[in-house]
Structures are given as structure tokens and as C-alpha cells.
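Visitor: Please show me the structure, and explain how each description of it is justified.

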Amino acid sequence: MSEANYDYGACHTCGEAVIARTIQQDFWIKGQLIVVENVPAGVCPQCGEKIVNAETGQQIAATLAKPDAMNVTRTINVPVVSLKAAA
Ligand SMILES: [Zn+2]
């Protein structure tokens, strides 16, 4: 199955035709932020809804389930901001 040709159908939120793209998604696993790149997904041009197919979802779940076996390609620093003024 070609990623680019996968038919994600219509957006279940707004009904717009979803476009196949490659995105990145972030997940919090046991207090650690993990960014997964090169995720084939459908993105709605209207409302921004993102859809991954079952195969991709399982692939992500399997990857995140084994943090020690992850193929970490790079590490990034992430800014953290607070809406509360520092005491
Ligand atoms: Zn939509």
C-alpha cells in the first residue's frame, strides 16, 4: 500500500476531503515527551484534523511500547512556559 495514495476519505469532523501527508506527532510516555517523525497521515485542509490508518497507529503503538528499543534519530530541546507568574 502506497502511503501517498492511501485514501483517508472525508474528515469525520467537517466532511472535507482529507489530504495524505507526512506529519510529526508528539506523545507523552511516562513523563517523557517523544516526537515521532515521518508519520503518514491524512490531514484535513479545512479544520486540521489528523487521521492515521490502523497500520500506522499500530506501528506507533509498538514503537512507543518499547522505549529502550527506539531508534532515536535526534534529540531536541523544548521550551517550557508557565501561565502562572514565578513566585
Ligand atoms: Zn475537517
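**Strands, pairing and exposure**

Visitor: In β3, which residue is the bridge partner of G42?

Guide: The bridge partner of G42 in β3 is I51. Please note that this is a predicted model, in which local features need pLDDT of at least 70, side-chain atom pairs count only at pLDDT 80 or more, and totals for chains, interfaces and linings use all residues. Residues are numbered from 1 along each chain as its sequence is written.

Visitor: How do you know that β2 and β3 pair?

Guide: Two strands pair if DSSP finds at least two bridges between them. Strand β2 (residues 32-43) is joined to β3 by two bridges, so the criterion of at least two is met. These two strands run antiparallel. Strands themselves are DSSP runs of E with at least two residues, helices are runs of H or I with at least four, and both are numbered from the N terminus.

Visitor: What makes β1 and β2 a pair?

Guide: Ten bridges link β1 and β2 in the antiparallel sense. One of the bridge partners is I34 in β2, which faces F27 in this pairing. The two strands form a hairpin with two residues between them.

Visitor: Why are β1 and β3 called edge strands?

Guide: The open sheet has three strands in the order β1-β2-β3, with antiparallel pairing. Both β1 and β3 (50-51) pair on one side only.

Visitor: What makes K30 noteworthy in the turn of the hairpin?

Guide: K30 has a positive phi of about 50° although it is not a glycine. Most residues other than glycine have a negative phi. N38, placed in strand β2, likewise is not a glycine and has a positive phi, of about 55°.

Visitor: Why is K30 called exposed?

Guide: A residue is exposed if 12 or fewer other C-beta atoms lie within 10 Å of its own, buried if 20 or more do, and partly exposed in between, with C-beta atoms placed from the backbone. K30 has 6 other C-beta atoms within 10 Å and is therefore exposed. N38 has 9 within 10 Å, so N38 is exposed.

Visitor: How do you know that D7 is exposed?

Guide: D7 has 10 other C-beta atoms within 10 Å, and therefore counts as exposed. D7 lies in the segment before β1 (19-29). The C-alpha atoms of D7 and R21 are separated by 11 Å, the two residues being 14 apart along the chain.

Visitor: What makes β1 hardly covered?

Guide: Among the eleven residues of β1, the count of buried residues is zero.
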